[in-house]
Amino acid sequence: MAGAVAATLVLAAASAVAFAAMSGSFRGPAPTAPRCGTPPLAGTVVNVTLADRGGGMMSGRYGPGPMMGGPGGMGMMGVLASAGVVAAGTVSLRALNEGGRPHELMVLPLPAGQMVGQRPVGGDGRIDEAGSLGEASRSCGAGSGAGITTGSTGWTTVTLSPGRYELVCNLPYHYAAGMYTELDTR
Ligand SMILES: [Cu+2]
């Protein structure tokens, strides 16, 4: 009798796990997320996707980020740009958050000889923003704000001289979780 009870419990636990896995695969942007159009943007427009596992967009195409981030297990996150090299000058970045939590997009110069993802992460989980050329962190708006919410878009227009740049999300522990990519200008 005890054996039958134990077997039932094991079955119940197994189906709970299966259900959790199924629910996870259907989790996407919240229905209430603001979908916003963007105005005409100046210069070369680069579309950037901000992603995390919560949005169901996890895949290998989000670059070399580690599987696990900082404290709390932030999981895999990524920044995907529609172009790797664009003409120097006026560049507009249009950032769509396809993840399940808020993100932002910041443009930092990439020093010669340095690869993306190599910036030291401080005790607060963030990298040094000194030298930032601009950021998109406002939902349905330009410039800086409180973060781009799930399903929403933010944008910014910057002037980039020929060189290498790193596009990052600097919300706590997001950089360490893989939220960076390179954009070069010529
Ligand atoms: Cu982020």
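Which residue in E6 does Met-106 stand opposite? The answer is Glu-135, and the pair is shown in the second of the views below, which come from a predicted model.

**View A. The copper ion and its protein donors.**
The copper ion is bound by His-103 through ND1, Cys-169 through SG, His-174 through ND1 and Met-179 through SD. These donor atoms lie 2.0 to 2.5 Å from the copper ion. The angles they subtend run from 87 to 136 degrees, which makes the arrangement irregular. A tetrahedral label would need all angles between 85 and 135 degrees. Along the sequence the donor residues follow the spacing H-x65-C-x4-H-x4-M. His-103 sits in the loop between strand E4 (89-97) and strand E5 (105-109), and Cys-169 in the loop between strand E9 (163-168) and strand E10 (180-185), so the pair ties together parts that are 66 residues apart in sequence. His-103 and Cys-169 are both buried; for Cys-169 the relative accessibility is 0%.

**View B. The open five-stranded sheet.**
The strand order in this open sheet is E3-E10-E9-E5-E6, and the pairing is mixed. Strand E3 (85-86) and E6 are at the edges with a single partner strand each, so one side of each has no neighbour in the sheet. Three bridges connect E5 and E6, in the antiparallel sense. Met-106 and Glu-135 of E6 stand opposite each other.

**View C. Pairing of E4 with E1 and E8.**
E4 runs parallel to strand E1 (residues 44-52), and seven bridges join the two. Leu-50 has Asn-97 in E4 as its bridge partner. With strand E8 (residues 153-160), E4 pairs in the antiparallel sense over eight bridges. Leu-96 stands opposite Thr-153 of E8.

**View D. The disulfide between Cys-36 and Cys-140.**
The model has one disulfide. Cys-36 and Cys-140 form this bond, with their sulfur atoms 2.3 Å apart. The S-S torsion is about -90 degrees, so the disulfide is left-handed. Distant parts of the chain are linked by the pair: Cys-36 is in the loop between helix H1 (2-26) and E1, Cys-140 is in the loop between E6 and E7, and the two are 104 residues apart. Cys-36 counts as buried because its relative accessibility is 18%, under the 20% cut-off. Cys-140, at 31%, counts as partly exposed.

**View E. Positive phi at Cys-140 and Tyr-173.**
Most residues other than glycine have a negative phi. Cys-140 has a positive phi, near 55 degrees, and is placed in the loop between strand E6 (134-136) and strand E7 (141-142). This cysteine also takes part in the disulfide with Cys-36. For Tyr-173 phi is positive as well, near 75 degrees. Tyr-173 is in the loop between E9 and E10, where the copper donor Cys-169 is also located. With a relative accessible area of 22%, Tyr-173 is partly exposed.

Note on methods. Residues numbered from 1 in each chain as written. Predicted model: local features only at pLDDT ≥ 70, side-chain atom pairs only at ≥ 80, totals over all residues. Heavy atoms only, no water. Donors = N, O, S within 2.8 Å, 3.2 Å for Na, K, Ca; no water. Tetrahedral: all angles 85-135°; square planar, octahedral: opposite > 155°, others 65-115°. Helix = DSSP H or I, 4+ residues; strand = E, 2+ residues; numbered from the N terminus. Buried < 20%, exposed > 50% of the residue type's maximum accessible area, 1.4 Å probe, protein only. Pairing = 2+ DSSP bridges. Disulfide = S-S within 2.5 Å.
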